[in-house]
Amino acid sequence: MGMKQILLMVAAVVLVVLVGCGKKTKKPNNYKSKRELAFLQQLAENLEDSAAAGDKFAQHQVGGMYFFGEYPKERDLVTAYAWYNISATNGNGIAEDGIHIITKSMTTNQIAEAVELIKEMVKKNPKLLNK
């Protein structure tokens with residue numbers, strides 16, 4: 001495991017600790033300062049940058065932000081499914097397991113929409129896939 005993966009994992013843990021697994025809110029009302037919000041925003045941007053570069057662990061974390069609706073992302077099952085699927089395609093078994101959990105909350109139309117979103121995302125950025 002490289003230094004980049006270690007830093008991403010640490011960032012993900014910090015994100016989970018600061019945001020909390022049990023508190024799911026659409027708006028960041030549970031944060032005390034703009035500094036905390038800015039920190040979470042920066043963590044999310046760093047994860048997204050790594051995910052866009054093809055990092056399967058960051059892709060999984062971004063999918064999790066959408067699945068749980070963690071700040072700064074709103075809950076979006078279609079986008080969560082897309083990120084989990086891309087991560088799983090890159091060999092992340094945990095993301096593959098997550099797809100089954102996400103699909104239990106989705107309609108067939110949402111799944112079809114997610115499949116189309118994946119195609120669009122990969123066409124726009126082929127680096128998403130490490131194959």
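**Exercise 1. The surroundings of T79**

Find which residues T79 touches, leaving aside those up to four places away in sequence. Then place T79 in the fold and judge its exposure.

Solution.
- Step 1. Beyond the four-place window, T79 touches Y66 and L117.
- Step 2. The structure is a predicted model. In it, T79 sits in helix 4.
- Step 3. The relative accessible area of T79 is 13%. The cut-off for buried is under 20%, so T79 counts as buried.
- Step 4. The T79 side chain also has a polar partner: the side chain of D76, at 2.7 Å.

**Exercise 2. The overall fold**

State how many helices and strands the chain has, and describe its burial and contacts.

Solution.
- Step 1. There are six helices and zero strands. Along the sequence this reads α-α-α-α-α-α.
- Step 2. The chain has 131 residues, and 38% of them are buried.
- Step 3. Take the contacts with a separation of 6 or more. Residues 24 or more positions apart account for 61% of them.
- Step 4. The exposed area of the chain is about 7900 Å², with 59% supplied by carbon and sulfur atoms.

**Exercise 3. The nonpolar core**

Identify the largest nonpolar core and the elements that build it.

Solution.
- Step 1. The core holds 26 residues. V62, Y81, W83, I102 and M106 have the most contacts inside it.
- Step 2. Two or more residues each come from helix 2 (34-52), helix 3 (56-68), helix 4 (77-89), helix 5 (93-103) and helix 6 (108-124).
- Step 3. Helix 4 gives the largest share, nine residues.
- Step 4. Zoom in on I102. Outside the four-place window, I102 touches F67, L77, A80, Y81 and Y84.

**Exercise 4. The two sides of helix 6**

Work out where the buried residues of helix 6 lie, seen down its axis.

Solution.
- Step 1. Check the geometry. Helix 6 has 17 residues and reaches 24 Å from its first C-alpha to its last, close to the 24 Å expected at 1.5 Å a residue.
- Step 2. List the buried residues of helix 6: A114, I118, M121 and V122.
- Step 3. Look down the axis of helix 6. These buried residues fall within an arc of 90°, so they line one face.
- Step 4. Recall the helix repeat. An α-helix has 3.6 residues a turn, so residues three or four places apart point the same way.
- Step 5. Turn to the face away from the buried side. The exposed residues there are N109, K119, E120, K123 and K124.
- Step 6. Ask what covers the buried residues of helix 6. The cover includes helix 4.

**Exercise 5. Helix 3 and its ends**

Compare the span of helix 3 with the expected value, then inspect its start and what follows it.

Solution.
- Step 1. The 13 residues of helix 3 should span 18 Å at 1.5 Å a residue. The end C-alpha atoms are 18 Å apart, which agrees.
- Step 2. The buried residues of helix 3 are A58, Q59, H60, V62, G63, G64, M65, Y66 and F67.
- Step 3. At the start of helix 3, a side-chain oxygen of D55 comes within 2.8 Å of the backbone nitrogen of F57.
- Step 4. Just after helix 3, G69 has a positive phi of about 70°.
- Step 5. The loop between helix 3 and helix 4 contains P72. The peptide bond from Y71 to P72 is cis, with omega near 10°.
- Step 6. Set this against the general rule. Most residues other than glycine have a negative phi, and most peptide bonds are trans.

**Exercise 6. Pairs across the sequence, and one loop residue**

Give the separation of A38 and P72 in sequence and in space. Do the same for D49 and Q59. Then decide whether N90 is buried or exposed.

Solution.
- Step 1. A38 belongs to helix 2. With a relative accessible area of 47%, A38 is partly exposed.
- Step 2. A38 and P72 are 34 residues apart in sequence; their C-alpha atoms are 9.7 Å apart.
- Step 3. D49 is also in helix 2. Its relative accessible area is 54%, so D49 is exposed.
- Step 4. D49 and Q59 are ten residues apart in sequence and 9.5 Å apart, C-alpha to C-alpha.
- Step 5. N90 lies in the loop between helix 4 and helix 5. At 11% relative accessible area, N90 is buried.
- Step 6. Beyond the four-place window, N90 touches G54, K56, Q59, L128, L129 and N130.

Key:
Residues numbered from 1 in each chain as written. Predicted model: local features only at pLDDT ≥ 70, side-chain atom pairs only at ≥ 80, totals over all residues. Heavy atoms only, no water. Core = buried A, V, L, I, M, F, W, Y, C linked by side-chain atoms within 4.5 Å. Buried < 20%, exposed > 50% of the residue type's maximum accessible area, 1.4 Å probe, protein only. Helix = DSSP H or I, 4+ residues; strand = E, 2+ residues; numbered from the N terminus. Contact = heavy atoms within 4.5 Å. Expected span 1.5 Å × (residues − 1). Arc of directions from axis to C-beta. Polar contact = N/O pair within 3.5 Å; in protein donor to acceptor, adjacent residues only side chain to side chain. Areas by Shrake-Rupley, 256 points an atom, 1.4 Å probe, with all protein chains shown as cover.
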